[in-house]
Amino acid sequence: MKVLLVEDDASNAAYVCAGLREEGHEVDHAPSGALGLELALTRSYDTVVIDRMLPDLDGLSLLKAMRAAGRRVPAMFLTALGGVDDRVEGLEAGGDDYLLKPFAFSELMARLNALARRGVPERREEFVLTVGDLEMNLIARTVSRAGRPIDLQPREFRLLEVLMRNRGRVLTRTMLLERVWQFHFDPKTNVVETHVSRLRGKVDRPFGRDMIRTVRGSGYILDAAA
């Protein structure tokens, strides 16, 4: 996890930074609100920890500026201002959590972990791959181009899936052997070349525009037809 700590108290900042680094996390420390805002707007973080009372720019104004700039990174206030109104102000300014000083580092760490999990978007499984007018349905195990169905053998289907998942990237012969055939050695056959040729005969030739190209000396690449 990469954390931005905006804290003007040197001893408290050193304590938090040391604890985070011991836990294996990366941390940037800003001793003022102005520097904290600059870092927050120019670098990527998983969580931000902000003191309320800061030189140059107070914590509330800093977070409001971050949110106004579109920065949605989870943010926690770590402060001695613990009144009900203070906590409400912090949360309404865009804070996701509010922890009072003095604090236990174990609680800070647990809250940061929870915020980082909240900031990770739920991964949605991709069931349909699309490159240009080529479409593959991984559930129905069907392939079509320009609306016309293409009948593929299982190994051809897997080869095309790997190419489509890596659209625009050159895949070497070795990479294809590993990902399609699970060979972790060179079988000294032209199995890759043969299957790529068959795939081109079904995916490219009937449509007059090539999507699968050979990159001489490197491998193969699939991208939308020119």
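R145 sits buried in this predicted model, with a relative accessible area of 0%. That is a striking place to start, since R145 is a charged residue with a salt-bridge partner: its side chain meets that of D133, with 3.1 Å from N to O. The two residues come from separate parts of the chain, D133 from the loop between β6 and β7 and R145 from strand β8 (residues 142-145), 12 residues apart. D133 itself is partly exposed, at 27% relative accessibility.

D133 has another partner in R209, and here the closest N and O atoms are 3.6 Å apart. This bridge spans 76 residues of sequence, running from the loop between β6 and β7 to the loop between α8 and β10 (212-215), where R209 is found. R209 counts as partly exposed, with 40% relative accessibility. Add D204 to the picture and there is a network of salt bridges linking D133, R145, D204 and R209. Across the whole structure, the count of salt bridges comes to 16.

Another of these bridges joins E7 to K101, with the closest N and O atoms 2.7 Å apart. Again, distant parts of the chain are linked: E7 belongs to the loop between β1 (2-6) and α1, K101 to the loop between β5 and α5, and their positions lie 94 residues apart in sequence. How buried or exposed are the partners, E7 and K101? E7 counts as buried, at just 1% relative accessibility, whereas K101 is partly exposed, at 24%.

Now for the aromatic side chains. The structure holds 3 aromatic pairs. In one of them, Y15 and F103 are tilted, with 6.1 Å centre to centre and 50° between the planes. Why does this pair tie together parts that are 88 residues apart in sequence? Y15 lies in helix α1 (residues 10-22), while F103 lies in the loop between β5 (97-100) and α5 (105-119), so the contact joins those two parts. Y15 is partly exposed, with a relative accessible area of 43%, and F103 is buried, at 14%.

Y15 also pairs with F105, this time edge-to-face, at 6.1 Å centre to centre and with 75° between the planes. This pair, too, links distant parts of the chain, with Y15 in helix α1 and F105 in helix α5, 90 residues apart. F105 counts as buried, with 14% relative accessibility. Taken together, Y15, F103 and F105 make up one aromatic cluster.

On to the nonpolar interior. The largest nonpolar core has 29 residues, and the members that touch the most others are L134, L160 and L222. Two or more residues each are given to this core by β6, β7 (134-137), α6 (154-165), α7 (173-180), α8 (191-203) and β11 (219-222). Which element gives the largest share? That would be α6, with 6 residues.

L134 gives a good view of how this part of the chain is put together. Beyond its neighbours within four places in sequence, L134 is in contact with L129, V143, S144, R145, I150, L160, M164, V203, M211 and L222. Two names on that list, L160 and L222, are those that join L134 in touching the most other members of the core. R145 is on the list as well, which brings the story back to the buried arginine that bridges to D133. There is also a second, separate core of 19 residues, with L37, V48, L62 and L63 among them.

Some nonpolar side chains end up at the surface instead. F127, V128 and I139 make a nonpolar surface patch of about 280 Å². V128 is found in strand β6 (residues 128-131), and β6 is also one of the elements giving two or more residues to the largest core. V128 is partly exposed, with a relative accessible area of 36%. Because patches are made of residues with over 30% relative accessible area and no salt bridge, that 36% puts V128 above the cut-off.

Definitions and conventions: Residues are numbered from 1 along each chain as its sequence is written. This is a predicted model: local features need pLDDT of at least 70, side-chain atom pairs count only at pLDDT 80 or more; totals for chains, interfaces and linings use all residues. Side-chain values use heavy atoms; hydrogens and water are left out. Patches are made of residues with over 30% relative accessible area and no salt bridge: like charges are joined within 9 Å, nonpolar side chains (Val, Leu, Ile, Met, Phe, Trp, Tyr) within 5 Å. Accessible areas come from the Shrake-Rupley method with a 1.4 Å probe; for residues, only the protein chains shown count as cover. A salt bridge is a side-chain nitrogen of Lys or Arg within 4 Å of a carboxyl oxygen of Asp or Glu. Helices (H or I, at least four residues) and strands (E, at least two) are DSSP runs, numbered from the N terminus. Buried means under 20% relative accessible area, exposed over 50%, partly exposed in between (1.4 Å probe, protein chains only). A nonpolar core is a set of buried Ala, Val, Leu, Ile, Met, Phe, Trp, Tyr and Cys residues joined through side-chain atoms within 4.5 Å. Contact means heavy atoms within 4.5 Å. Rings of Phe, Tyr and Trp (its six-membered ring) pair if their centres lie within 6.5 Å; planes under 30 degrees apart count as stacked, over 60 as edge-to-face and the rest as tilted.
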